[in-house]
Structures are given as structure tokens and as C-alpha cells.
Amino acid sequence: MIFIGNRYEITDRPVYIEENKLYNAYDAERKVNVKIKIIENNRYVSIDFIPNLIDESMIINDLKCPYILNIVDVGVHRTVDNLLYYIVYENFDGVSLSTLTRGAYLHLDALIRISTQVVKALQAYKSIGKHHGSLKPDDILVDEKYAIKIADFGITEANRGTNIRCSGNLKYLSPSQLSIDFTDIKTDLYCLGVILYEAVFKKFPFSEAHTEKQLMRAIDKGVMWSKINTNDYNQDFIAIIKKLLERNDNLCYKNYNEVLMSLSQFMYKTSKISSSDINDLATKPQLESVLDKTGRVSPEDFYKTNQIFLNDIDQALLKQEEDKKRNEKIEEYEEEKTKKGNKVAIVIVFIIVIMILGIVVPTFM
């Protein structure tokens, strides 16, 4: 038996404990099942990490976001050789996204469900001015209905905004974290892009790297989309992944509302997921739909703050389609009218010419 903090028994029975991995555990004091993660102290971890993480855990739990795995305890575990930090989470019956994608290809319905919930979790944390900063598939737990819970919220914030660089984090460091140790919304969106790319193509989007410098060089070269056969994949979903990985400020997503809008529009295009399916995933919607008088939806101009109602999107997209068809009919009518007008004009000209000829010819005779 492996006990952490003289209280938590790791029930997965590992031969040895891997750093930065979620384990199933049993809380001997409260007599409940929990999840636990061990982090080894390193030069990137700030001296006030644990006190800060306690504060962050209270803030996260107060959010009451259904997609965030709540922290129930944090502490220090000392061994003969190492100083370890442990983070205890509420229990959740699911497997990691990395495990799920390792064995089989996820169908688009599942990817859209998972992506939408991840974005809503990140958006909830961003609503209090904070960023995840260490998102990776190992920490996204998925149950049999594709409902999710995400761990590691608060860790980067508790470390003064710096990723702690523990095992498994290197691949998912963003360009800004690699270059200047800066974490922002683009960091989390970029990481989501990497995660979705791996879920779809079963490989890392950049060349293999073992150091931060190597990874930065690989990222600078960009994703070699020309060498990837995307013909067998949904092009609209690939476009979302491309935009998540985009580093150009003018071409990338600016906020979570835009990502949710893209996912919603994709959902309605494919017609594989109903609005009731998505509504079931959320206890309350995330954005408020604001439509202009034409009924057109523009994420940049008309989607503001708070809550998005899928029925509003549905009606707006239907209205868009109706307006498009109506405009096409008007254009056809105008074109037909123009053609008839041209024909009438030609006939009138022809009659006038005949009349002139009829008058002129007798004069010469």
C-alpha cells in the first residue's frame, strides 16, 4: 500500500508513483474515494506555491463550474530523497482523454461535446481574470456520456503565472510560455488546438523535441499542413484546429465566445448533435445571444458577455438561410425582369426601324 500524507491510499496499485499523473485514491479520514496527483519540487516552483494553491482552490470551488475538478486538499509529502506536493481532487468516474484517444478515433460528436465543455471551463476561469496555463489531455477526464472534468486549474496561477514544468508539461507549453514565461488566453487556446490535433491525427503537430529550445524551433516552423492528408477529415473541424494553433493575432481566435460560436455553427452544419444534447451538458448557458435586426449572427459584433442560448442560434441560422433563399429569389426575379425588359426594348427598336424603313423606301421610289 502507498499512502500519501498519512491519509490517502493510492488504490491503483502502481509499481511506482509517476509525477503529474492522476491516481485513484481512498481518503482514510473521510472514508471516500478521491483523485490525487503528486508533483515533485523543482526550480520552477515558487516558495509560496502551497499557500497560493490553497487560496486558488477556494476560488475554484466557489466557481461551481460543472466542468472543473474541484480541489479538496493540498499538502506536502516528504520522502528520504524528495520534497513532493500532493493535490487531492473530488472523485470523478472517467478516463483521461489521452487514454481515450490512444486506443481509438473519437467520432466528431464526441470531439464537439468534449471541446465545448473544455472551452466553457476555461471561459468560467477567465471570467475571474485567470488562466489554466497547463492544459493537457491527461488532466481531462471523460465519462461514458462524454461529460468531462478538468484538473490542474489553479496550479499555474498559484505559481505566480509560471508553468511548473513538471513531467508531461513540455509538449503543451505555448510559445509565450517557452519564450517569456507568460500565460494568457492564447496559451489555453493554443493548448486546446494541440490536444484536438492529437485527438484527430494521433500525433503531435510539431517535430519531436526534448528541450524547450527544440520545441520553440519546431513551433516556429509551424504545422506542415501540406504534408498532412486531411481529405478524410471534416474540413470545418480542421479549420477550427488551425485557428486555435494560429499565432497571427489577426487570424487566431480572440476570445472563448468565438470558439463556442465556431463549434456551434459546426454542430448545426453537421446536424449530428441536437441543441438538447448540448444543453444537457450544461447546468446553465455561457453567453447571451444578441442579434441585430437583420437576424444575422456575427460573433465579433453581436455576441456579447454572459449567456448563449442554442435556440437563438438555431433560429438565427434558420433566418439566415431563409434570407439567403429570399435574396436569391429576388435576384432571379430582377434578372428575369431585366431580360424581359431587354426583349421588349429590342422589339420596340425593331418596330421603329421597320416604320422608318417603311417611310423612307417609298420616298425614293
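1. D73 and R7 form a salt bridge, with the closest N and O atoms 3.9 Å apart. The model is predicted. This pair links distant parts of the chain, 66 residues apart. D73 lies in strand 5 (residues 71-78). R7 lies in the loop between strand 1 (3-4) and strand 2 (8-10). The cut-off for a salt bridge is 4 Å, so the 3.9 Å of this pair counts.

2. Is R7 buried or exposed? R7 has a relative accessibility of 18%, so R7 counts as buried. The limit for buried is under 20%. R7 and D73 also belong to a network of salt bridges. Its other members are D27, E29 and R30.

3. D73 has a role in the strand pairing too. D73 stands opposite V88 in strand 6. Strand 5 and strand 6 pair in the antiparallel sense, over 7 bridges. The two strands form a hairpin, with 4 residues between them.

4. Strand 6 also pairs on its other side. Strand 4 and strand 6 run antiparallel and are joined by 6 bridges. Within this pairing, E40 has L84 of strand 6 as its bridge partner. How much of strand 6 (residues 83-89) is buried? The count is 6 of its 7 residues, so strand 6 is largely enclosed by the rest of the structure.

5. Now the sheet as a whole. In which order do the strands stand? The sheet is open, with 6 strands in the order 1-2-3-4-6-5 and antiparallel pairing. Strand 1 and strand 5 are at the edges. Each has a single partner strand, so one side of each is left without a neighbour in the sheet. Elsewhere in the sheet, strand 2 and strand 3 (residues 23-27) run antiparallel, joined by 3 bridges. E9 has Y26 in strand 3 as its bridge partner.

6. Next, the helices. Helix 1 lies across strand 5 and strand 6. Helix 1 runs at about 165° to strand 5. Helix 3 (residues 108-126) has 19 residues. At 1.5 Å a residue, helix 3 should span 27 Å. The end C-alpha atoms are 26 Å apart, which agrees. Of the 19 residues in helix 3, 16 are buried, so this helix is largely enclosed by the rest of the structure.

7. Back to the charged pairs. How many salt bridges are there? The count comes to 18. One of them joins the side chains of D48 and R160, at 2.9 Å from N to O. This pair links distant parts of the chain, 112 residues apart. D48 is in the loop between strand 4 (32-40) and helix 1 (49-63). R160 is in the loop between helix 4 (155-158) and helix 5 (175-180). R160 has a relative accessible area of 59%, and therefore counts as exposed.

8. K171 and E198 meet in another salt bridge, at 2.9 Å from N to O. Their side chains also link distant parts of the chain, 27 residues apart. K171 lies in the loop between helix 4 and helix 5. E198 lies in helix 6 (residues 185-201). Which of these two residues is buried, and which is partly exposed? E198 is buried, with a relative accessible area of 13%. K171 is partly exposed, at 36%.

Methods:
Residues are numbered from 1 along each chain as its sequence is written. This is a predicted model: local features need pLDDT of at least 70, side-chain atom pairs count only at pLDDT 80 or more; totals for chains, interfaces and linings use all residues. Side-chain values use heavy atoms; hydrogens and water are left out. Buried means under 20% relative accessible area, exposed over 50%, partly exposed in between (1.4 Å probe, protein chains only). Two strands pair if DSSP finds at least two bridges between them. Contact means heavy atoms within 4.5 Å. Axes are lines fitted to C-alpha atoms, for helices over the stretch in contact, and angles run from 0 to 180 degrees between N-to-C directions. The expected span of a helix is 1.5 Å times one less than its number of residues.
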